[in-house]
Structures are given as structure tokens and as C-alpha cells.
Amino acid sequence: MSFITWEDTMSVNVKEIDDQHKKLISLINELHEWIQAGEKKDILGGVLEELINYTRYHFSVEERRMKQFSYVGYLEHKREHDDFTGQVLLLKEKYDKGTTALSSEVSSFLKDWLTNHILGTDKKYTPFFNSKGII
Ligand code: FEO
């Protein structure tokens, strides 16, 4: 069984964004599996970097949509994205320097953040986006 399993309750009813969330879940699952397998530093670092890059791409897509239609929750939502991005960049910096390890605590943090963000923050824009014809 996967570390994180996509469930229909996680859908934001926007196909492009659901697909991106599924990709993020897949990357966190991959990272978790490599951590569990005790993989080498270059492999873990590579997957973490891919996760960070895709996360930034995904945030930029959501933020562009929110700005495009003057979504009232934009700033608050963006602050959550920025906080998380700052945390994972700091984690990557420490990992590259060898001052922190990638453990199951890290994958649990990523899992909890993503699922809570999708269910608690992303899903708030569903009625707004859908009313603008974004589905
Ligand atoms: Fe899907 Fe706000 O990140």
C-alpha cells in the first residue's frame, strides 16, 4: 500500500490541478520508498530536488489562476505556499551540507502538509474556480 493514497475526497474539481496533486503524491511516495530502502544520498537528493521543482511549478500554476480571477484568498494561500517552499528549501540546503538526514519524519511532514493543504486550503477555491469555468 502506498504511503499516500489519492482519494476522491481530495479532488478540487479542476482536472489540471488534480493531476498535479497526484504527481506530487507520487513524488512523495517515491521519496518515502527510497528513504525506507536506505538509498544513497545522490538518489535521495535527486528525488527531493524533483519534488521541490515540481512543487514550485504547481504553486505557480495555482497562483497564476488565483491572480487571473482576483481570488479573494490569494494572499493567504500564497503565504502558505511560500512558507512551505522556504521549509523544503532549507531542508534541502541542510541535506546537501550533510547537517540533516532524510528520514521517515521528513516524508511524514511532507505527507501531512500536502494532504492538509489540499483538504483545508486548496479545496476552498473549488466553487470560485468552477464559477469562472475552470474545471
Ligand atoms: Fe495545491 Fe495550494 O497547492
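This report walks through a predicted model, from its helices to its cavity and a few single residues.

Residues are numbered from 1 along each chain as its sequence is written. In this predicted model, local features need pLDDT of at least 70, side-chain atom pairs count only at pLDDT 80 or more, totals for chains, interfaces and linings use all residues, and side-chain values use heavy atoms, with hydrogens and water left out.

## The helices

Let's start with two helices. Helices here are DSSP runs (H or I, at least four residues), numbered from the N terminus. Helix 2 has 28 residues and spans 40 Å between its first and last C-alpha, close to the expected 40 Å. Helix 3 covers residues 74–97, and its 24 residues reach 34 Å, close to the expected 34 Å. The expected span is 1.5 Å times one less than the number of residues in the helix.

What follows helix 2? That place belongs to S70, which has a positive phi near 55°. Helix 3 is followed by G98, and there phi is also positive, near 85°.

Helix 3 has a number of buried residues (under 20% relative accessible area, with exposed meaning over 50% and partly exposed in between, using a 1.4 Å probe and protein chains only). They are Y74, H77, H81, F84, T85, V88, L91, K92 and Y95. An α-helix has 3.6 residues a turn, so residues three or four places apart point the same way. The buried residues of helix 3 pack against helix 2 and helix 4. Contact here means heavy atoms within 4.5 Å.

## The cavity

Next comes the space inside. A cavity is a set of points on a 1 Å grid over the protein atoms alone where a 1.4 Å probe fits but cannot get out, and lining residues have an atom within 4 Å of a point. Grid points are joined across faces, edges and corners, and a volume is the space filled by probe spheres set on the points. The structure holds one cavity of 30 Å³ or more, and the largest cavity contains about 70 Å³ of space.

Which residues line the largest cavity? The lining is made of L24, I28, L51, T55, H58, F59, F84, L110, W113 and L114. Helix 1 (15–36), helix 2 (41–68) and helix 4 (104–120) each give at least two of the lining residues. Helix 2 supplies the largest share, with four residues. By class, eight lining residues are nonpolar, two are polar and none is charged. In this scheme Ala, Val, Leu, Ile, Met, Phe, Trp, Tyr, Cys and Pro are nonpolar, Asp, Glu, Lys and Arg are charged, and the others, Gly among them, are polar.

## Single residues

Here are five residues with their accessibility.

| Residue | Place | Relative accessible area |
|---|---|---|
| N29 | helix 1 | 9%, buried |
| T115 | helix 4 | 16%, buried |
| N13 | segment before helix 1 | 43%, partly exposed |
| S70 | loop between helix 2 and helix 3 | 59%, exposed |
| D42 | helix 2 | 60%, exposed |

N29 touches S2, F3 and I4, leaving aside residues up to four places away in sequence. With that same limit, T115 touches I4 and M10. A polar atom of the T115 side chain also lies 2.8 Å from the backbone oxygen of K111.

N13 has a positive phi of about 60° although it is not a glycine. Finally, D42 and D96 are 54 residues apart along the chain, and their C-alpha atoms are separated by 9.5 Å.

Notes. On a 1 Å grid over the protein atoms alone, a cavity is a set of points where a 1.4 Å probe fits but cannot get out, and a pocket is an open set with protein on both sides within 12 Å along at least five of seven lines; lining residues have an atom within 4 Å of a point. A polar contact is a pair of N or O atoms within 3.5 Å; within protein, one must be able to donate a hydrogen and the other to accept it, and residues adjacent in sequence count only if both atoms are side-chain atoms.
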